[in-house]
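Subject: Handing over a structure

Dear colleague,

I am passing on the structure below, and I would be grateful if you could look through it alongside these notes.

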Amino acid sequence: MLAQTDFIFHAMRPADTYMPMHRHRCYELVYYMAGTGVTRLDDLEYRYEPNTYTVIPPGMPHDERRLADTDVLFIGFSLVSRDMPSLQHGLFQDSDPASILGLLLGMKAEMHEKHAFYAQKLNLRMSEILIEHARSVAPGQPGRPDDNLLYARTFIDENFNQKIAVEDLAAMAGYSYHHFRHLFKKKF
């Protein structure tokens, strides 16, 4: 798990209202499903619209001024894994609302229904959201090459009693035959 969910809150905020400057001890993701307005994170001002969201680090002062009725979902969370790169904060456009919004709505339903292991499911979904966020702000940034080699090495360890073609390992790791041979030899 990358994250632990601290709170989930869904609200409809009326137009021409203001949430004064405040801060949280945890990270906060604020997803604007509908409405328009302005939010300030520290000294930077952002104009939100439907399918945008903010990521706010712990302790950062922020406010919100609604220009239109705003349907908003707030999620508080803490990072529990060192594997997550530092979260970029600010206002972001959800390029595919089915991804982040879909996961958030699933979290809301999970919180409401409270099926067995719902807390673990909330943490799993929050971790997925963080991965989607990281992918959207750093598109095309591949995983670490060592991970691909490690997958191949683990496959060898688990299947040592079978014939394994180097070409198959290269394909599994996502490299050409010659590039894989070079990297694998260098690493192991």
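What follows is a description of the sheet, the helices and the core.

This is a predicted model, in which local features need pLDDT of at least 70 and side-chain atom pairs count only at pLDDT 80 or more, while totals for chains, interfaces and linings use all residues. Residues are numbered from 1 along each chain as its sequence is written, and side-chain values use heavy atoms, with hydrogens and water left out.

An open sheet is formed by 5 strands in the order β1-β8-β3-β6-β9, with antiparallel pairing; strands (E, at least two residues) and helices (H or I, at least four) are DSSP runs numbered from the N terminus, and two strands pair if DSSP finds at least two bridges between them. At the edges are β1 (3-13) and β9 (90-93), each pairing on one side only. Strand β8 (residues 70-79) pairs with β1 over 10 bridges in the antiparallel sense, and there His10 stands opposite Leu73 in β8.

The largest nonpolar core (buried Ala, Val, Leu, Ile, Met, Phe, Trp, Tyr and Cys residues joined through side-chain atoms within 4.5 Å, where buried means under 20% relative accessible area with a 1.4 Å probe, protein chains only) has 22 residues, and Leu29, Tyr31, Phe77, Leu104, Met107, Met126 and Ile129 touch the most other members. Two or more residues come from each of β1, β3, β6, β8, α1 and α2, and α1 gives the most, with 5 residues. Leaving aside neighbours within four places in sequence, Phe77 has contacts (heavy atoms within 4.5 Å) that include Ala3, Leu29, Leu87, Met126 and Leu130.

With best wishes

Technical notes: Buried means under 20% relative accessible area, exposed over 50%, partly exposed in between (1.4 Å probe, protein chains only).
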